[in-house]
Amino acid sequence: MAASQTVGPISTPGPGTSYLRSELQDLKIIGVEEHVVFPELTKVIPSSAAADHAKATQGHPGKDRVPPGALRLKDMDEGGISVQVLSFGSAVNCTHMDAAAGYELARSINNSLKAAVDANPTRFRAFAELPLQDPALAIKELRRCVHELGFVGAMMAGSVGGTGKFLDGPEFAGLLSEFEALDVPLYLHPGIAPEPVSKTYYEIDGNPLASASLSAMGWGWHSEVAIHVLRLAVSGVLDAHPKLKLVIGHQGEMLPMMMQRLDGAFDMAAFGLARPVGETLRRQVWIAISGLFSLPVTQIAIQTWGVDRVLFANDYPYIETQGVPGYVRAMNDILAPSDMRKVFQENSEALFKFSA
């Protein structure tokens, strides 16, 4: 952080932006993939093959930086971040339980997220956690979170309960229609791949650490999100739900570089699609940067998806906020001020319907 940049107290909207061009001195940076965990709540998740596999694979950030309290706010100020959209950040979640228990856990998680937002309403918004193993209960909780708690969307981690079940199944049509009716986005976040997939594709004999990393943050979970999005597009589900808005992180989960290939491989007539896959993705999917602070990758995302569809995300606490100012400075050198404002603030404000 530049010596001339003043770090405000945690009660302020965050530090200044003196290192940016003059048109951006009032820029309010919004991070849209910023996680919290509630260990005291998730203790109720019972042991199961899927849950135990996820627990053994996922890593954990420093616990002192997860709660939405003073240290998180200090980190946000040091990174120049005005607002975080909070989400429950554990691969072991309410979908790893029976439906009734999962519904109660989702309510508890969402109530805790609401308390965090209420404690610092100028700094936080939230995504809902949903019991997706029961679409009717997921709809019920989504409505509560939007209408009563003021949440700006929902987040799904991996497949439902780590089973490999994705949202292109017909049982989820009503839930996707509800997202359309409420006009809130669904964020498709990575999760832990099912154990048979991990063993077949990612297990390296005698090296459990490399196996876990390859199956998760190193490659596998990005591939899984891409597969999920492509299933929704290629199956015609996105055509059937044209007002559904999706967000995916990590600079598009490897999809931007494949756009030309996708349009060539999935012929509209042959697959019975209303639009080319690339057009469908650009119309209905937004891309979050999610801590991949690489200019070439960002440029590919913007060039393939368009600057109106790219959102800033820190991926806190897995990626520390201290790297944000350097990335913002570098982006300031390659984007016009109007495009900077879109990526770091205005696109999120428009999609999630709030002002930073």
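1. In this note, helices are DSSP runs of H or I with at least four residues, strands are DSSP runs of E with at least two, and both are numbered from the N terminus. By that naming, Asp315 belongs to the loop between β8 and α16. The model under review is predicted.

2. The strands should be read first. An open sheet is built from 5 strands, in the order β4-β5-β6-β7-β8, with parallel pairing. At its edges are β4 and β8 (310-311), each of which has a pairing partner on one side only. Within this sheet, β6 (residues 246-248) and β7 (residues 285-288) are paired in the parallel sense through 3 bridges. One point of reference is Leu246, whose bridge partner in β7 is Val285.

3. Gln284 deserves attention. This residue is part of helix α14, which covers residues 277-284. Is Gln284 buried or exposed? Its relative accessible area is 1%, and the cut-off for buried is under 20%, so Gln284 counts as buried. The side chain of Gln284 makes a polar contact of 2.6 Å with the side chain of Arg275. Leaving aside residues up to four places away in sequence, Gln284 also touches a group of residues that includes Leu238, His241, Pro242 and Lys243. Leu246, the residue of the bridge to Val285, is likewise among the contacts of Gln284.

4. The next topic is open space. The largest pocket has a volume of about 380 Å³. Its lining consists of 23 residues, and those closest to the centre are His189, Met217, Trp221, Asp315 and Tyr318. Two or more lining residues come from each of β1 (29-36), β4 (154-157) and α9 (220-234). Sorted by class, this lining holds 10 nonpolar, 11 polar and 2 charged residues.

5. How many cavities of 30 Å³ or more does the whole structure contain? The search finds 3. The largest cavity encloses about 90 Å³. Its lining has 14 residues, and nearest the centre are Asn93, Glu129, Met155, Met156 and Ala157. The edge strand β4 supplies the largest share of this lining, with 3 residues. By class, the lining of the largest cavity comprises 8 nonpolar, 5 polar and 1 charged residue. Strand β4 therefore appears in the lining of the pocket as well as in that of the cavity, given how strands are defined here.

6. Some backbone values merit a check by the reader. Most residues other than glycine have a negative phi, and most peptide bonds are trans. Ser290, which is not a glycine, has a positive phi near 55°. This residue sits in the loop between β7 and α15 (295-305). With a relative accessible area of 1%, Ser290 is buried.

7. A positive phi, near 65°, is also found at Asp315, again in a residue other than glycine. Why does Asp315 count as buried? Its relative accessibility is 8%, and buried means under 20%, so Asp315 falls in the buried class. Asp315 is also one of the residues closest to the centre of the largest pocket.

8. The peptide bond between Tyr316 and Pro317 is cis, with omega at about 5°. Pro317 lies in the loop between β8 and α16 (324-334), and Asp315 is placed in the loop between these elements too. The student may wish to view this loop with the pocket, since Tyr318 is among the residues closest to the pocket centre.

Terms used:
Residues are numbered from 1 along each chain as its sequence is written. This is a predicted model: local features need pLDDT of at least 70, side-chain atom pairs count only at pLDDT 80 or more; totals for chains, interfaces and linings use all residues. Side-chain values use heavy atoms; hydrogens and water are left out. On a 1 Å grid over the protein atoms alone, a cavity is a set of points where a 1.4 Å probe fits but cannot get out, and a pocket is an open set with protein on both sides within 12 Å along at least five of seven lines; lining residues have an atom within 4 Å of a point. Grid points are joined across faces, edges and corners, and a volume is the space filled by probe spheres set on the points. Ala, Val, Leu, Ile, Met, Phe, Trp, Tyr, Cys and Pro count as nonpolar, Asp, Glu, Lys and Arg as charged, and the others, Gly among them, as polar. Two strands pair if DSSP finds at least two bridges between them. Buried means under 20% relative accessible area, exposed over 50%, partly exposed in between (1.4 Å probe, protein chains only). A polar contact is a pair of N or O atoms within 3.5 Å; within protein, one must be able to donate a hydrogen and the other to accept it, and residues adjacent in sequence count only if both atoms are side-chain atoms. Contact means heavy atoms within 4.5 Å.
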